[in-house]
Amino acid sequence: MAPNIAQLPADPWLISLAYHHEHPLQAYEFVDTLEVWTVTARIDADVLAEDMAAYSDMDQDSLDAVQDISVGRMSFVRVRMFGPDHPFEAMDSYTGDVARIGEVVLDVAAGEWEPAFEAVLAHPVGDLLVMDRVILEPAWRGCGLGPVLAGAAIPPLSQDCVAVVCEPGSADGRELTEDQHWEAAVKLGRVWEQLGFEPFQDGVHILDCHLQRPQDLLAERQEEFSALCHAWHAQHRPWAHGEGASGAREQRRDKRPGNR
């Protein structure tokens, strides 16, 4: 991890998540069954400018020109199992990737859990959350941020869900051969195991929302993220590294819009 810390474009402590759900006023098909969320990871321009003002001698014009820094984006699809629509038909209406996951975890004809999927769940009553895409900007890759960001995004979206499911694979638009797709799936499968996802069937991985293990693993990822942040500060601001600097960072984080 160490060689990649220096390349990070800004202090990772400043990253925040923004949740976005959009739907038209006029009702549309499957509106009561399919809920699509986009989660963006970014550093807000005002927060970044405040940080730069504290740790550099940039003039006000330069600070005013600071813009948001994009870290990554994620998309999730919540499938409501007890709505008025057939859950697989709703998943099939979204994308082929989500439909393939539906074919694995659902009894397509009955619109209920596939028996093998239901059998591995601790409490198979509730909705389903599909982790559809997790994409990091190139400058932020290689430091283990993927599991941290996804792990932080999942809890608010998975309330009353039985499980989170995904099909590991490259999602950044690159053209890959069949072997490269397989290698990417294996590699990403190991990445998501760091959050508690386990292989199920046909490339689909599941995270049981009712188990303690995913919570423990997320706590471990948060500890690793904290270590990454301290390492970044040790490299970029050694004169400010220490307990006092850490406390100052936390105070600045508390002042961000939306923080409570």
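Two strands are taken as paired if DSSP finds at least two bridges between them. With that in hand, the sheet of this predicted model can be followed strand by strand, starting from β1. Strand β1, residues 16–20, is joined by 5 bridges to strand β2, residues 34–43, and the two run antiparallel; within this pairing, S16 has R42 of β2 as its bridge partner. On the way from β1 to β2 the chain passes through a loop that holds F30, a residue to which the text returns below.

Strand β2 is in turn joined to strand β3, residues 69–79, by 10 bridges, again in an antiparallel arrangement, and here V36 stands opposite V77 of β3. In general terms, the strands of a sheet pair through backbone hydrogen bonds, and they may do so either parallel or antiparallel. In this model the pairing is mixed, and the result is an open sheet of 7 strands in the order β1-β2-β3-β6-β7-β9-β8. Because β1 and β8, the latter spanning 198–201, stand at the edges with a single partner strand each, one side of each is left without a neighbour in the sheet. Neighbouring strands of the sheet are turned against each other by 30° on average, if direction is ignored.

At the β8 edge, the partner strand is β9, residues 204–208, which is joined to β8 by 3 bridges and runs antiparallel to it; P199 has H205 in β9 as its bridge partner. The loop between β8 and β9 contains G203, which has a relative accessible area of 39% and is therefore partly exposed. Leaving aside neighbours within four places in sequence, G203 is in contact with C166, E167 and P168. Of these, E167 is 36 residues away from G203 in sequence, yet the C-alpha atoms of the two are 5.8 Å apart in space.

Helices pack against this framework of strands. Helix α5, residues 96–105, lies across β3, β6 (127–136), β7 (161–166), β8 and β9, and runs at about 140° to β6.

What lies in the interior can be introduced with a general remark: in soluble globular proteins, nonpolar side chains tend to be buried together. The largest nonpolar core here has 42 residues, of which I15, I43, V71, F76, M131, W140 and F197 touch the most other members. Strands and helices both feed this core, since β2, α2 (45–55), β3, β6, α7 (145–157), β7 and α9 (213–236) each supply at least two of its residues. The largest share, 7 residues, comes from α7.

F76 illustrates how one member of that core is surrounded. Apart from neighbours within four places in sequence, F76 is in contact with E35, V36, W37, V39, L129, V130, M131, D132, A153, I154 and L157. A second, separate core has 24 residues, including V79, M81, M91 and A163.

Two of the helices that contribute to the largest core, α7 and α9, also meet each other. Two packed helices are described by the angle between their axes and the distance between the axes. For α7 and α9, the axes come within 9 Å and cross at roughly 130°; the two helices are therefore oblique to each other, and their crossing is left-handed. On the α7 side the contact is made by L145, P147, V148, G151, A152 and P155, and on the α9 side by L218, R221, Q222, F225 and L228.

The loop between α7 and β7 offers a contrast in exposure. S158 lies in this loop and, at 11% relative accessibility, counts as buried; beyond its neighbours within four places in sequence, S158 is in contact with R78, L129, V164 and C209. D160, found in the loop between α7 and β7 as well, counts as exposed at 64% relative accessibility.

D160 also leads to a point about the backbone. Most residues other than glycine have a negative phi, and most peptide bonds are trans. Phi of D160, however, is near 65°, a positive value in a residue other than glycine. F30, in the loop between β1 and β2, likewise has a positive phi, of about 70°, although it is not a glycine. F30 is buried, with a relative accessible area of 10%, whereas D160 is exposed.

Methods
Residues are numbered from 1 along each chain as its sequence is written. This is a predicted model: local features need pLDDT of at least 70, side-chain atom pairs count only at pLDDT 80 or more; totals for chains, interfaces and linings use all residues. Side-chain values use heavy atoms; hydrogens and water are left out. Helices (H or I, at least four residues) and strands (E, at least two) are DSSP runs, numbered from the N terminus. Axes are lines fitted to C-alpha atoms, for helices over the stretch in contact, and angles run from 0 to 180 degrees between N-to-C directions. Contact means heavy atoms within 4.5 Å. A nonpolar core is a set of buried Ala, Val, Leu, Ile, Met, Phe, Trp, Tyr and Cys residues joined through side-chain atoms within 4.5 Å. Buried means under 20% relative accessible area, exposed over 50%, partly exposed in between (1.4 Å probe, protein chains only). Angles under 35 degrees count as roughly parallel, over 145 as roughly antiparallel, 65 to 115 as roughly perpendicular and the rest as oblique. A crossing is left-handed if the near helix is turned anticlockwise from the far one by less than a right angle, and right-handed if clockwise.
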